[in-house]
Amino acid sequence: MSKQPTPAQRNEPEDAFKEHLIFNLVYCSQISEGVVSSDVDAIIATSQRRNALLGITGVLVFGSGVFFQWIEGPKAEVLGLVKRIETDRRHEMMVTLSTDEEVRERIFPSWDMELVDAEHIQEVLNDALATARDQKSVDALQLMLHKLQEQ
Ligand SMILES: Cc1cc2nc3c(=O)[nH]c(=O)nc-3n(C[C@H](O)[C@H](O)[C@H](O)COP(=O)(O)O)c2cc1C
């Protein structure tokens with residue numbers, strides 16, 4: 001049976017803003033010894049190529065040796081990707097911070113996987129908050145901003 005293409009696969013921005021059953025997972029991890037910034041660039045290049053095909057969007061924050069990644073998309077695809085990421089030797093001590101599945105719009109509809117430094121994540125979240133149209137996304141973003149301010 002042929003699978004329906006996801007909004008990201010069809011590259012339809014308007015549809016991407018519509019509410020769908022979206023699974024999202026947030027984790028943090030620590031960069032492995034000897035891994036350098038060009039390795040992080042390579043991770044982003046792979047992510048942008050593969051995530052677009054899987055209908056996955058999100059953001060990868062990297063600063064002070066710590067990764068923080070928000071991944072959203074169809075549940076099976078997100079969990080499949082997370083399994084691959086878990087075995088990646090370029091990072092370690094991966095801890096899942098939250099998982100959630102809800103009917104809502106994507107928080108990062110046009111980002112196949114963007115790299116943001118820790119200093120700028122607050123700006124990114126505030127921008128996403130300004131364009132978020134449904135209450136569940138607003139709540140999720142406000143929670144993330146609140147957690148950042150606590151640190
Ligand atoms: C912190 C971190 C984040 C990653 N994020 C993604 C991602 O969003 N998408 C992706 O395809 N690969 C990501 N990767 C790379 C995957 O672990 C894996 O190397 C890549 O998907 C290629 O998989 P393959 O070697 O099985 O073909 C990430 C790796 C690390 C260390």
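**Notebook: ligand shell, sheet and cores**

I started with the ligand and sorted its surroundings by residue type: the shell holds six nonpolar, six polar and four charged residues. I keep in mind that this is a predicted model.

**Entry 1, the ligand shell.** Next I looked up which residues come nearest to the ligand. Of the 16 around it, they are Ser47, Arg50, Phe67, Asp88 and His91. I then asked where the shell comes from. Helix 3 (37–54), strand 3 (66–73) and helix 4 (75–86) each give at least two residues to it. Helix 3 has the largest share, with five residues.

**Entry 2, the overall layout.** I stepped back to the whole chain and found six helices and five strands. Along the sequence I read the pattern as α-α-β-α-β-β-α-β-β-α-α. The chain has 151 residues, and 25% of them are buried. I also checked how far contacts reach along the chain: among those between residues at least 6 apart in sequence, 76% join residues at least 24 apart.

**Entry 3, the sheet.** I traced the strands and got one open sheet of five, in the order 4-1-3-2-5, with mixed pairing. Strand 4 (91–104) and strand 5 are the edges, each pairing on one side only. From one strand to the next, I note an average twist of 15 degrees. Helix 4 packs on this sheet and touches strand 1, strand 3 and strand 4. The direction of helix 4 makes about 155 degrees with that of strand 3.

A reminder to myself: strands of a sheet pair through backbone hydrogen bonds, either parallel or antiparallel. Strand 1 and strand 4 run antiparallel and are joined by 11 bridges. Within that pair, I found Asn24 opposite Asp100 of strand 4.

**Entry 4, strand 2 and its two partners.** I asked myself why strand 2 (residues 57–63) counts as largely enclosed by the rest of the structure. It does because five of its seven residues are buried. On one side, seven bridges join strand 2 to strand 3, and the two run antiparallel. With strand 5 (residues 114–117), strand 2 runs parallel, through four bridges.

Phe62 was a handy residue to follow here. In strand 3 its bridge partner is Phe67, which I had already noted among the residues nearest the ligand. In strand 5, Phe62 stands opposite Asp117.

I also checked the turn between strand 2 and strand 3. Two residues separate the strands of this hairpin, and Ser64 takes a positive phi near 50 degrees.

**Entry 5, the cores.** The largest nonpolar core has 13 residues. Those touching the most other members are Leu25, Ile56, Val59, Trp70, Ile71, Val78 and Leu81. Strand 1, strand 2, strand 3 and helix 4 each supply at least two residues of this core. A separate core of six residues lies apart from it and includes Ile107, Leu125, Ala128 and Ala140.

I looked up Val59 more closely. Leaving out residues up to four places away in sequence, I list its contacts as Trp70, Phe108, Trp111, Glu114, Val116 and Val124.

**Entry 6, one loop residue.** Last, I went to Glu33, in the loop between strand 1 (20–31) and helix 3. Is Glu33 buried or exposed? I count Glu33 as exposed, because it has 7 C-beta neighbours inside 10 Å, and the exposed class takes 12 or fewer. Glu33 also lies 9.5 Å from Gly65, C-alpha to C-alpha, although the two are 32 residues apart in sequence.

Note on methods
Residues are numbered from 1 along each chain as its sequence is written. This is a predicted model: local features need pLDDT of at least 70, side-chain atom pairs count only at pLDDT 80 or more; totals for chains, interfaces and linings use all residues. A residue is near a molecule or strand if its C-beta atom, placed from the backbone, lies within 6 Å of it. Ala, Val, Leu, Ile, Met, Phe, Trp, Tyr, Cys and Pro count as nonpolar, Asp, Glu, Lys and Arg as charged, and the others, Gly among them, as polar. A residue is buried if 20 or more other C-beta atoms lie within 10 Å of its own, exposed if 12 or fewer, and partly exposed in between; C-beta atoms are placed from the backbone. Two strands pair if DSSP finds at least two bridges between them. Axes are lines fitted to C-alpha atoms, for helices over the stretch in contact, and angles run from 0 to 180 degrees between N-to-C directions. Two residues are in contact if their C-beta atoms, placed from the backbone, lie within 7 Å. A nonpolar core is a set of buried Ala, Val, Leu, Ile, Met, Phe, Trp, Tyr and Cys residues joined through C-beta atoms within 7 Å.
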